[in-house]
Amino acid sequence: MTSDNQSNEIAPLTDPGIPAHLHRKSDLDPKAAKKAERQVGILFIISALGTILFIYSYTFMSEKIFIFLPVLGNSNAKQLFLGLGMAISLFFIGMGAVHWAKTLMPDNEVVAQRHELRSEEVDREDFVKTVKEGAAAAGLGRRSIIKRTLGVALGLSGLTPLLLLRDLGPLPKDDFSKTSWEAGTRLVTDPGDRPIKPSDLEIGAVAQVLPELLAGKERKLEDIGKDAVLLIRIRPAEFQLDAERLSWTHEGIIAFSKICSHMGCAVALYEQTTKHLLCPCHQSTFDVTRAAKVIFGPSARPLPQLALALDAEGYLVAKQPFTEPVGPSFWERDSS
Amino acid sequence: MSKSERVAGTVANYVDERTGAAKWLKKNLNKVFPDHWSFMLGEIALYSFIILLLTGTFLTFWYDPSMQEVEYEGSYQPLSGLKMSAAYASTLHISFDIRGGLLMRQIHHWAALLFMVAIVVHLLRVFFTGAFRKPREFNWILGIGLLTLGIVEGFLGYSLPDDLLSGTGIRIAEAIIQAIPVVGSYLAYFVFGGPFPGEVFIPRIYTVHILLLPGIFLALITAHLMLVWYQKHTQYPGPGRTEKNVVGYPLMPVYMAKAGGFFFIVFGFTAFLGAVASINPIWLFGPYTPAQITAGSQPDWYMGWLDGLVRMAPPLETHAFGHTISWNILIPALIIPGILFTGMALYPFIESWMTGDKREHHLLDRPRNAPNRTALGAMSLTFVLVTLLNGGNDLLATHFSLTINQIMWFSRIGVLVLPPIAFVITKRICLSLQRSDRELVLHGKETGRLVMLPHGEFIEIHEELSPEKKWTLTQHEQLPPLEIAQENQAGVRNPKGLRAKLQQYASKSHQEQIEKPSAKDVLELGDGRH
């Protein structure tokens with residue numbers, strides 16, 4: 001293997017240039033071209049049929065017909081054929097156009113030249129000159145009073161839109177820390193608004209409760225968003241609570257805020273065998289027997305526990321309001 | 001002259017005499033666009049956007065953006081008589097009592113998903129082929145802006161029906177706002193007009209969803225396309241394609257027909273999905289109430305990675321001086337996405353800093369020829385994929401009989417360990433592919449034909465590549481790493497010491513490659529291919 005090329009330079013291979021154009025069948029054979037034309041026509045006709053299907057299903061088809069299709073299951077015929085009609089009508093216009101372009105329009109590749117985006121040196125200099133002259137004419141550099149006052153004025157005027165947004169909502173004050181639960185508020189079922197006796201709950205049972213509404217008040221979603229409480233009954237012996245928290249339970253009934261201490265979803269999944277509460281949003285898991293201690297997931301705090309007691313008629317009531325804010329954390333929350 | 005030609009002439013004359021546009025139109029109707037399937041990805045995003053505008057306008061005719069409580073009286077029996085927001089009731093009305101309404105809702109939702117898929121895949125194409133390099137850095141940043149807005153717009157869109165699932169999403173968004181230090185609770189109260197959920201959120205995001213963001217979208221998309229037009233499209237390397245030319249088809253008629261036809265194909269495809277694949281069946285979820293939830297709550301896919309990050313966050317909060325800082329929310333929901341998107345937007349500048357290359361580039365890279373970039377991309381993708389998997393951890397758990405805990409721990413460790421592994425493996429694969437390219441150019445393609453030589457030796461016949469193929473495999477440049485002086489001749493250390501060292505290291509890593517065959521290598525081999 002010999003070579004007379006002794007140069008040490010790394011020479012690239014040569015660019016062979018754009019390959020020769022290969023003609024399509026329809027370019028050379030008028031018959032093939034005619035065939036392609038017919039194919040395009042057929043595609044457009046299929047589209048037209050799709051539109052007719054759409055019109056038919058829109059106008060005449062009953063809403064009550066269901067047809068069974070494999071994979072899709074039971075489908076409403078009207079919805080299905082409306083959709084299919086529209087899909088066919090649009091899709092085949094596109095197919096026709098693309099087939100037309102691919103088989104019958106010229107497929108010669110064209111070469112265009114690029115030019116560097118950078119302007120000519122003269123233009124660039126002229127541009128810089130114009131800017132400099134303009135700035136000099138305005139005298140911004142020399143007139144420092146104007147410069148500074150303009151800065152102040154512009155900066156301040158930016159405050160107006162911010163201030164205008166102020167009335168988007170009220171100030172939170174201590175709203176985040178308050179719920180409707182007061183000492184003596186009865187627990188009522190949701191839905192139903194019936195007061196609850198301990199005997200209504202069997203061991204292993206779980207119920208969602210809300211504070212009883214005062215006469216004349218209406219329950220809003222924002223109240224539910226803070227007041228929702230989960231009532232769970234287990235065997236009292238299973239609790240691993242300190243004396244205070246144990247005194248907040250009643251015969252094995254324990255109550256927690258249902259609003260997740262992580263991001264406020266409803267902690268709705270209760271696993272009876274493990275006594276775990278799970279939030280379906282981010283899987284924070286709380287142990288009911290240990291005052292809803294976080295045993296898994298991203299939540300950093302237990303669910304607040306509501307102290308329970310019985311009123312004179314034997315119904316469950318809150319012994320006191322929640323001792324800490326419910327729901328997700330916020331800056332002003334004193335969690336220590 | 002045929003009749004249609006005469007009409008065309010008259011129209012052209014009419015327009016030109018009133019606008020003087022003939023010169024501009026002549027030039028631009030003949031504009032050359034390179035052809036490649038991967039150039040259609042951005043087109044899909046554009047067309048989905050148009051579909052979203054059309055179907056979205058249709059939906060606004062009946063949708064009522066109000067959180068006023070109403071009693072449902074429509075034709076969907078299971079919810080009959082139930083109290084719900086007017087927004088939810090009107091969405092049910094569109095779905096069950098407007099002919100084609102459900103179809104339009106489904107197309108709108110499918111087109112939104114397709115819009116985001118197309119944006120992301122288009123972004124990956126642009127990244128892996130180096131199309132973001134000078135002079136296209138601005139357009140890259142515009143693209144990142146569009147991606148970010150798309151995520152927000154999609155989230156607002158699926159929040160509008162005010163069903164149980166979307167309400168849960170809003171609840172989480174509120175918790176994120178609330179978690180911002182110092183101003184969080186104020187911001188939350190301003191956004192929601194008081195305590196969550198209040199009665200103003202839906203009307204407010206409605207305005208943002210149908211007016212403000214689409215307006216910004218239109219402006220950004222216009223700028224994005226004008227830049228593509230003005231800077232001319234990039235092209236893949238190949239015989240006859242250089243940095244100085246653009247090879248392809250003229251806009252009129254080929255590209256117009258193909259692109260116009262493709263719009264109908266995309267529209268037809270979303271209509272087909274809308275017809276056969278049920279998406280977001282809000283009537284099954286019921287109206288929103290803060291005390292209820294559905295198991296397996298999932299955001300749309302483009303939010304899934306964020307949700308996955310939030311799910312895997314360790315339970316960290318700082319409690320001090322009567323204040324709470326929720327790192328378990330701030331880090332996954334704001335800080336990490338902030339870093340990711342800023343890094344992505346700045347990447348063109350970071351790469352040019354690493355290579356020291358300030359020239360224009362119009363020829364695309366084959367991903368293997370930029371091993372470091374390709375590896376960085378694979379690393380980021382792996383990160384997002386792990387978080388996305390974790391975003392569906394509850395569904396994965398039920399489908400594959402795993403526990404949530406197993407998946408969560410896999411993700412928590414995997415999100416840190418797998419991306420670097422992906423980087424190393426991808427870089428090695430790229431270098432191997434370069435080696436195999438070199439092999440192919442020098443020794444040709446294996447034909448599988450064995451031949452016995454007269455003296456009994458068996459050899460496999462290698463078929464020489466065509467000159468076109470050889471050129472395609474060797475046309476790329478291989479820049480040497482930067483040589484940054486760490487000290488001057490007098491032995492004084494570079495004042496930018498650490499930065500210079502870092503740049504030197506980055507440049508070396510970025511320019512790691514297998515030497516491509518030169519004309520001399522090919523010549524030396526001559527006929528003795530083996």
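## A helix inside chain B

The buried residues of helix α3 of chain B are Gly42(B), Ile44(B), Ala45(B), Leu46(B), Tyr47(B), Ser48(B), Phe49(B), Ile51(B), Leu52(B), Thr55(B) and Leu59(B). They pack against four helices of chain B: α4 (86–97), α5 (101–128), α9 (201–231) and α10 (251–276). The model is predicted.

How does the span of α3(B) agree with 1.5 Å a residue? The helix covers residues 40–60, which is 21 residues. It should therefore span 30 Å, and its end C-alpha atoms are indeed 30 Å apart.

## Chain B as a whole

Chain B has 530 residues, and 40% of them count as buried. It holds 19 helices and 8 strands. Its C-alpha atoms fill a box of roughly 95 × 80 × 60 Å along the principal axes.

Many contacts in chain B link distant parts of the sequence. Take the contacts with a separation of 6 or more: 72% of them join residues 24 or more positions apart.

## A sheet shared by two chains

Strands of a sheet pair through backbone hydrogen bonds, either parallel or antiparallel. Which strands make up the open sheet, and in what order? There are 3, in the order β3(A)-β4(B)-β1(B), with antiparallel pairing. The edges are β3 of chain A and β1 (32–33) of chain B. Each has a single partner strand, so one side of each is left without a neighbour in the sheet.

β3(A) pairs with β4(B), residues 245–250, over 4 bridges. Here Val110(A) has Gly248(B) as its bridge partner. β1(B) pairs with β4(B) over 2 bridges. There, Val32(B) is matched with Pro250(B). Helix α10(B) packs on the sheet and touches β1 and β4 of chain B. Its direction makes about 70 degrees with that of β4(B).

## Where the chains touch

The contact takes 82 residues from chain A and 98 residues from chain B. On the side of chain A, four elements give two or more residues: α3 (77–103), β3 (110–113), α7 (221–227) and β11 (293–296). Which of them gives the most? It is α3(A), with 16 residues.

What kinds of residue line this side of chain A? They divide into 52 nonpolar, 18 polar and 12 charged.

## The domains of chain A

The domain assignment of chain A gives domain 1 (25–103) and domain 2 (178–318). Their centres, taken over C-alpha atoms, are separated by 57 Å.

Conventions: Residues are numbered from 1 along each chain as its sequence is written. Chains are lettered from A and ligands numbered from 1 in the order in which they are written. This is a predicted model: local features need pLDDT of at least 70, side-chain atom pairs count only at pLDDT 80 or more; totals for chains, interfaces and linings use all residues. Domain bounds come from an automatic or database domain assignment. Two residues are in contact if their C-beta atoms, placed from the backbone, lie within 7 Å. Ala, Val, Leu, Ile, Met, Phe, Trp, Tyr, Cys and Pro count as nonpolar, Asp, Glu, Lys and Arg as charged, and the others, Gly among them, as polar. Two strands pair if DSSP finds at least two bridges between them. A residue is buried if 20 or more other C-beta atoms lie within 10 Å of its own, exposed if 12 or fewer, and partly exposed in between; C-beta atoms are placed from the backbone. The expected span of a helix is 1.5 Å times one less than its number of residues. Axes are lines fitted to C-alpha atoms, for helices over the stretch in contact, and angles run from 0 to 180 degrees between N-to-C directions.
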